Amino acid sequence: QVQLVESGGGLVQAGGSLRLSCVVSGTIFRLSGMGWYRQAPGKQRELVAAITIAGTTNYADSVKGRFGISRDNAKNTVYLQMNSLKPEDTAVYYCHVDRGDYWGKGTLVIVSS
């Protein structure tokens, strides 16, 4: 059973930074692309950032230049560095394993104005 555990969410003022982490159990991490998604109240879940096995990254237009996704295969961990946060970034952030379509339970990010 693959488990994903996210951490790093919290309350931050606009303009601040947070770093989210997601630890994935088992050996699937090194065989899969990874993604961070978010879901704001009343909205659909959307892709924020993705990273392939080779390290190629992709970002939603709304976060380009502010967020950075990275992975550490030795630690089975994917990160999302979030800078220059805006109130509209407020959401529950979910980690996703592409291979097998596994999801974490999410971590809440609240950005106050």
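## Two residues with positive phi

In this predicted model, S84 counts as partly exposed because its relative accessibility is 41%, a value that lies between the limit of under 20% for buried residues and that of over 50% for exposed ones. S84 is found in the loop between β8 and β9, and although S84 is not a glycine, its phi is positive, at about 50 degrees.

A positive phi also occurs at D101, a residue other than glycine, where the angle is near 60 degrees. D101 lies in the loop between β9 and β10, the latter strand covering 102-103, and with a relative accessible area of 48% D101 is partly exposed.

## Overall architecture

The protein chain contains 11 strands and zero helices, so that, read from the N terminus on, its elements follow the order β-β-β-β-β-β-β-β-β-β-β. Among contacts between residues at least 6 apart in sequence, 54% join residues that are at least 24 apart.

For 113 residues, a compact globule would be expected to have a radius of gyration near 13 Å, and the protein chain, with 13 Å, agrees with that expectation. Along the principal axes, the C-alpha trace of the protein chain spans about 40 × 25 × 25 Å.

## Surface and charge

Of the 113 residues of the protein chain, 42% count as buried. The accessible surface of the protein chain comes to about 6000 Å², and carbon and sulfur atoms account for 49% of that area.

The protein chain carries 12 positive and 8 negative charges, and the mean positions of these two sets are 4 Å apart. Side chains of opposite charge can pair when their charged atoms come close. The count of salt bridges in this model comes to four, and the section that follows takes up three of the pairs, including R38 with E46, R38 with D89 and R66 with D89.

## A salt-bridge network around R38 and D89

R38 forms a salt bridge with E46, in which the closest N and O atoms are 2.7 Å apart. The two partners differ in accessibility class, because R38, at 6% relative accessibility, counts as buried, whereas E46, with a relative accessible area of 35%, is partly exposed. R38 also forms a salt bridge with D89, the closest N and O atoms here being 2.9 Å apart. This second pair links distant parts of the chain, since R38 belongs to strand β4 while D89 sits in the loop between β8 (77-82) and β9 (91-97), 51 residues apart. Both R38 and D89 are buried.

D89 has a further partner in R66, and in that salt bridge the closest N and O atoms are 2.8 Å apart. Distant parts of the chain are again linked by this pair, with R66 in the loop between β6 (57-59) and β7 (67-72), D89 in the loop between β8 and β9, and their positions 23 residues apart in sequence. R66 is buried, with a relative accessible area of 11%, and D89 is buried as well, with a relative accessible area of 1%. Through shared partners, these salt bridges join R38, E46, R66 and D89 into one network.

## S21 in strand β3

S21 has its place in strand β3, and it counts as buried because its relative accessibility is 15%, which falls under the 20% limit for that class. When neighbours within four places in sequence are left aside, S21 is in contact with V5, E6, S7, W36, T77, V78 and Y79.

## G26 in the loop after β3

G26 is found in the loop that runs between β3 (18-24) and β4 (34-39). At 52% relative accessibility G26 counts as exposed, because the class begins over 50%. In sequence G26 and N76 are 50 residues apart, while in space the distance between them, C-alpha to C-alpha, is 8.2 Å.

How values were computed: Residues numbered from 1 in each chain as written. Predicted model: local features only at pLDDT ≥ 70, side-chain atom pairs only at ≥ 80, totals over all residues. Heavy atoms only, no water. Helix = DSSP H or I, 4+ residues; strand = E, 2+ residues; numbered from the N terminus. Buried < 20%, exposed > 50% of the residue type's maximum accessible area, 1.4 Å probe, protein only. Rg over C-alpha atoms; globule rule 2.2 N^0.38 Å. Contact = heavy atoms within 4.5 Å. Areas by Shrake-Rupley, 256 points an atom, 1.4 Å probe, with all protein chains shown as cover. Lys, Arg positive; Asp, Glu negative; His and termini not counted. Charge placed at Lys NZ, Arg CZ, Asp CG, Glu CD. Salt bridge = Lys/Arg side-chain N within 4 Å of Asp/Glu carboxyl O.
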